[in-house]
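Hi,

Here is the structure I said I would pass on. Have a look at it first, and then read my notes underneath.

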Amino acid sequence: MDNKKLAGLLFPNIDKTPEYYEEKYPERGLEKGAMVTRLAPSPTGFIHLGNLFGAVVDERLASQSGGVFILRIEDTDAKREVEGAVELTISTMKHFGIEFTEGATSEGETGEYGPYRQRQRKDIYQAFAKYLVEQGKAYPCFCTEQDLEDIREQQKEAKIDFGYYGEWAKHRDMPLEEIEKNLAEGKEYVLRFRSEGKKDNYVKVLDGIRGEIEVPENIQDVVILKSDGIPTYHFAHAIDDHLMRVTHVVRAEEWLSTLPIHVQLFDALGFDKPLYCHTAQLMKVDNGNKRKLSKRKDPELGLDYYRQEGYTVDAVWEYLLTILNSNYEAWRDKNPDADRREFKFTTDKMTKSGTLFDIMKLNNISKDVIAKMTAEQVYEGLSGWAKEYDEGFHDVISRAEDKTIKILNMGRNAKKPRKDIVTWSQCKEFIKYFYNEYFEVLDEYPGIPQDKIKKILTEYIDTYNHADEKNDWFEKVKVITESAGYTTNTKEYKEDPEKFGGSIIEVTTIIRIALTGKANAPDIWEIQQILGKEDTMKRMQDALNKL
RNA sequence: GGCCCUAUGGUCAAGCGGUUAAGACAUCGCCCUUUCACGGCGGUAACGGGGGUUCGAUUCCCCCUAGGGUCACCA
């Protein structure tokens with residue numbers, strides 16, 4: 001077989017050689033230890049929490065080592081591409097605090113190792129493909145989809161491994177004349193890699209997360225160029241990550257099974273392999289079973305969900321770092337106020353088993369993050385969220401900015417600040433009773449008899465003085481409590497509930513519900529001060545009227 | 001089904017041959033408290049099973065089991 005001739009036949013217009021590209025994209029000459037990572041999403045229009053999960057690893061590794069973080073668009077599958085997906089990816093990543101130092105941008109791209117959109121790299125791939133053909137390491141395969149299906153059927157029946165390999169690789173040794181004839185007839189073909197792998201041979205690969213792993217050699221003659229001349233993932237990965245001089249390939253565990261193909265390709269092309277870091281999958285419980293997060297089934301795991309709910313970027317990062325690096329949480333405990341970038345992120349502290357996504361933990365972290373913010377910062381966050389997702393609410397708080405900041409400041413400056421707020425949307429639910437636009441009278445007072453409620457509310461209204469200091473106000477509440485036959489001593493009440501029928505808790509609960517429409521709200525006196533005399537009295541009166 | 005990965009409480013997880021098997025979230029109880037919270041203290045709760053190796057295995061090896069992943073001209 002004249003491989004040179006075949007290569008010329010297959011790629012008549014490719015005149016560049018691998019050497020040319022090696023020179024064009026030289027070693028980066030970064031400082032020792034600097035890592036080059038990349039995020040390589042395909043533009044399908046759906047950005048998953050898993051994408052962020054991996055991106056955080058890439059970003060930390062590159063950033064803390066003074067390296068490079070590339071955004072490369074894997075758009076080799078035109079069928080699945082969604083318009084505007086690249087922009088969406090970039091803007092979403094940016095929103096979540098992921099910034100790239102090189103690669104695709106919304107306007108074009110930046111960096112010397114481009115193009116960064118794979119479809120624009122067609123000539124590069126073909127130059128290397130041509131080289132492989134010349135070496136006799138790749139060949140055209142004219143099998144139709146039907147042919148492949150038939151092979152699969154037979155293999156299924158014979159209960160042997162599926163795929164295009166060994167005796168099943170029908171076109172592996174097609175004579176040059178026949179290839180020429182097929183080509184002349186305009187038959188479509190794909191380019192396959194000629195595997196010399198043996199099923200029983202194993203290769204050792206060092207994984208940054210898993211340590212040394214052993215994988216069997218690949219025996220399949222995988223497709224490296226599709227019939228449109230565009231590479232498959234495997235081939236593009238080898239060429240791109242080598243030419244872009246990527247040092248660490250961080251990708252999900254699901255790629256582990258194709259690792260043998262990649263090892264084989266790198267070796268055949270004479271490339272040094274990057275350090276692979278196969279991350280554990282983010283999982284979810286479904287019907288009592290763990291399973292991989294899926295874009296199809298789990299829309300709530302899409303990144304825009306967190307944006308919509310109003311999770312802070314900091315909270316998401318804290319959570320992700322917590323599940324990503326097992327020693328992050330302990331570090332955070334010791335350094336509660338340190339910038340997270342001061343934490344030294346390492347791949348060997350990453351978990352190997354699939355992590356169940358735990359919204360409770362995220363919520364807990366989120367509360368802590370917001371509890372540490374100033375009222376002004378909280379206002380900024382809330383307002384920014386509302387502007388995008390709840391215009392009506394945005395109008396309301398904008399008109400009452402000072403009041404809103406006062407509200408958000410309640411219980412915030414204590415040594416042990418309150419932790420009421422999880423997300424911005426939940427924050428709205430928590431404070432909206434302050435605004436008459438949203439306030440609703442609640443006429444349910446759990447377990448308290450009507451006449452008592454009436455009596456307590458009436459007395460409260462009669463004795464209320466907005467100018468009272470907190471202590472004076474409270475003394476009056478005590479008087480009302482006793483006048484209702486309840487006790488002001490909650491301990492005493494707990495010891496013998498029958499004796500009093502109720503305690504000061506009942507009284508404050510009634511006042512709180514009348515005032516806020518909720519059983520869970522901060523300090524009553526403070527709420528009244530913010531609400532003002534008029535609204536306070538009106539709400540009390542309305543509550544009484546509603547009985 | 002073949003191949004690969006994984007395996008400590010409900011969840012996330014320390015541990016890397018000898019420990020009373022950490023910690024966090026969740027949960028429960030108590031305390032603090034004028035309410036709601038915050039907080040403090042404490043409780044319940046784990047090494048999947050079977051073989052080895054060893055004086056000694058949660059830890060190392062093998063098998064089983066379970067869960068997950070993957071077997072495309074998708075990435």
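Around RNA strand B there are 63 residues, and those that come nearest are Arg 210, Lys 226, Thr 355, Arg 512 and Asn 520. Keep in mind that this is a predicted model. By class, the surface near the strand splits into 28 charged, 22 nonpolar and 13 polar residues. The element that gives the most to this surface is α22, with four residues. Seen from the RNA side, 74% of the strand B atoms within 4 Å of the protein belong to sugar or phosphate, and the rest belong to bases.

A few polar side-chain contacts to the strand might be handy for you:

- Glu 74: an N or O atom of its side chain is 2.6 Å from a sugar or linking oxygen of RNA strand B.
- Lys 491: here the partner is a phosphate oxygen of RNA strand B, 2.8 Å from a side-chain N or O atom.
- Asp 161: a polar side-chain atom sits 3.3 Å from a sugar or linking oxygen of RNA strand B.

Back to α22, since it also packs against another helix. Two packed helices are described by the angle between their axes and the distance between the axes. For α19 (residues 470-483) and α22 (residues 504-516), the angle is about 115° and the axes are 9 Å apart. The crossing of these two helices is right-handed. On the α19 side, the residues in contact are Phe 474, Val 477, Lys 478, Ile 480 and Thr 481, and they meet Ile 504, Val 507, Thr 508 and Ile 511 of α22. Sorted by class, that contact has six nonpolar residues, two polar ones and one charged one.

Now for some backbone oddities. Which residues other than glycine have a positive phi? Lys 159 is one of them, with phi of about 55°, and Arg 245 is another, with phi near 55°. Lys 159 is in the loop between α6 (145-158) and α7 (176-184), while Arg 245 is in the loop between α8 (233-243) and β10 (248-252). Are they buried or exposed? Lys 159 has a relative accessible area of 76%, so it counts as exposed. Arg 245 has a relative accessible area of 11%, so it counts as buried.

One more for your list: the peptide bond from Gly 114 to Pro 115 is cis, with omega near 0°. You will find Pro 115 in the loop between β4 (109-110) and α5 (122-134).

Cheers

Note on methods. Residues numbered from 1 in each chain as written. Chains lettered and ligands numbered in written order. Predicted model: local features only at pLDDT ≥ 70, side-chain atom pairs only at ≥ 80, totals over all residues. Heavy atoms only, no water. Buried < 20%, exposed > 50% of the residue type's maximum accessible area, 1.4 Å probe, protein only. Axes fitted to C-alpha atoms, helices over the stretch in contact; angles between N-to-C directions. Left-handed = near helix turned anticlockwise from the far one by under 90°. Contact = heavy atoms within 4.5 Å. Nonpolar A, V, L, I, M, F, W, Y, C, P; charged D, E, K, R; others polar. Near = heavy atom within 4 Å. Polar contact = N/O pair within 3.5 Å; in protein donor to acceptor, adjacent residues only side chain to side chain.
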